[in-house]
Amino acid sequence: MKEVQVNGHMHLNNGNGIGNGTSASSLGTSSNGTNGYAALSGSSNGTTNGTSASLMSSTNGCVSKKQSVKCTCNTAEQDDGSDTNNNQGHEKCTFHHDLELDHKPLTREDLLPLMSKSYRMLLSSLGEDPERQGLLKTPERAAKAMLFFTKGYDQSLEEALNGAVFDEDHDEMVLVKDIEMFSMCEHHLVPFYGKVSIGYLPCKKILGLSKLARIVEIFSRRLQVQERLTKQIAVAVTQAVQPAGVAVIIEGVHMCMVMRGVQKINSKTVTSTMLGVFRDDPKTREEFLTLCNNK
């Protein structure tokens, strides 16, 4: 058993290369690792693919128990042990830094302490006192709020649809309009909000009506620009039901134009995306626009 270094961390090597899910029933002494990870040395009582032991890692002087995970990459095991620093086949694996340590990406909630610290530094930079009563919990509140404002990063189209795609012999326009939308301008990190109208022309498949609103929520709850948001919604509907066409219109108010800069409080931004027959057929497009404008 010897220690090798991969990606800046210390690893156990049993002579067969890294990647076989070694299970150590008895662990030897630990040496100082890199970036808070403890390197392990000692003996091993055999190997079992896919089985792993609880290991100890050291972070900032504190010892905590880490549960190892199995790499899910479908690669052949290295039998000759000639290249112990070979990551071939694991280039896209988010876990493959060390198969003996849990390197699963942090959940967004795990980021709260670091985000709270950043907001605290921001308050201090503004000349405020983070210790005064009104600001004591502000950094944590702001961090939680930002995670909520950007929760769309944790959501996928498949999860939002939840199988609500139905076979239906309907080929007339479906329109859901005035869907409320809240998002964050990626240029200034201030909100923009407004209403979204979505129309599509089915081809034997229809989408649960509430799912259109959920699609808006997925892509608006991110750092965005309105132009990209409009296109993303249209493409998502296309992916969901493969309609003959999709049309999306967003009317938004941007706080970066209202609270700062030119400070035009009555200005609104309108963007549209037309796909399929809505782009190619003027009559279909006109019908959609007329329905959107009807109050």
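Strand E9 is largely enclosed by the rest of the structure, because eight of its eleven residues are buried. The model is predicted. E9 belongs to an open sheet of five strands in the order E11-E8-E9-E12-E13, with mixed pairing. The points below start from this sheet and then turn to helices, an aromatic pair and residues with positive phi.

**The sheet and its edges**

- E11 and strand E13 (269-276) stand at the edges of the sheet, and each has a single partner strand, so one side of each is left without a neighbour in the sheet.
- Strands of a sheet pair through backbone hydrogen bonds, in either a parallel or an antiparallel way.
- E8 (residues 174-185) and E9 (residues 191-201) run antiparallel and are joined by nine bridges.
- E9 and E12 also run antiparallel, with ten bridges between them.
- E8 and E11 (residues 223-224) run parallel, and two bridges join them.

**Residue pairs across the strands**

- Between E8 and E9, Val 174 stands opposite Tyr 200, Val 176 has Ile 198 as its bridge partner, and Met 181 stands opposite Gly 194.
- Tyr 193 stands opposite Val 253 in E12.
- Cys 185 has Gln 224 in E11 as its bridge partner.
- The hairpin of E8 and E9 has five residues between the strands, and Leu 189 in this hairpin takes a positive phi near 55 degrees.

**Helix H8 and the aromatic pair**

- Helix H8 (residues 282-293) lies across E8, E9, E12 (245-254) and E13. The helix runs at about 70 degrees to E8.
- A search of the whole structure finds two aromatic pairs. One of them is formed by Phe 278 and Phe 288, with 5.7 Å centre to centre and 75 degrees between the planes, an edge-to-face arrangement.
- Phe 278 lies in helix H7 (residues 277-280) and Phe 288 in helix H8, ten residues apart, and the pair links distant parts of the chain.
- Phe 278 and Phe 288 are both buried.

**Helix H1**

- H1 (residues 112-125) has 14 residues. From its first C-alpha to its last, H1 reaches 20 Å, close to the 20 Å expected at 1.5 Å a residue.
- Leu 112, Met 115, Ser 116 and Leu 123 are buried in H1. Seen down the axis of H1, its buried residues fall within an arc of 100 degrees, so they line one face of the helix.
- The buried residues of H1 pack against helix H2 (138-149).
- The exposed residues on the other side of H1 are Pro 113, Leu 114, Lys 117, Met 121 and Ser 125.
- Gly 127 follows H1 and has a positive phi, near 90 degrees.

**Thr 230 in helix H5**

- Thr 230 is found in helix H5 (residues 226-241).
- Thr 230 has a relative accessible area of 1% and is therefore buried, the cut-off being under 20%.
- With neighbours within four places in sequence left aside, Thr 230 is in contact with Val 248, Ile 250, Thr 271, Ser 272 and Thr 273. Val 248 and Ile 250 fall in the residue range of E12 (245-254), while Thr 271, Ser 272 and Thr 273 fall in that of E13 (269-276).

**Loop residues with positive phi**

- Asn 162 is not a glycine, although its phi is positive, at about 50 degrees. Asn 162 is found in the loop between helix H3 (157-161) and strand E7 (165-167).
- Asn 162 has a relative accessible area of 62%, so this residue counts as exposed, for which the cut-off is over 50%.
- Gln 242 is likewise not a glycine and has a positive phi of about 45 degrees. The place of Gln 242 is in the loop between H5 and E12.
- Gln 242 is partly exposed, because its relative accessible area of 44% lies in between the cut-offs for buried and exposed.

Technical notes
Residues numbered from 1 in each chain as written. Predicted model: local features only at pLDDT ≥ 70, side-chain atom pairs only at ≥ 80, totals over all residues. Heavy atoms only, no water. Pairing = 2+ DSSP bridges. Helix = DSSP H or I, 4+ residues; strand = E, 2+ residues; numbered from the N terminus. Contact = heavy atoms within 4.5 Å. Axes fitted to C-alpha atoms, helices over the stretch in contact; angles between N-to-C directions. Phe/Tyr/Trp six-rings, centres within 6.5 Å; stacked < 30°, edge-to-face > 60°. Buried < 20%, exposed > 50% of the residue type's maximum accessible area, 1.4 Å probe, protein only. Expected span 1.5 Å × (residues − 1). Arc of directions from axis to C-beta.
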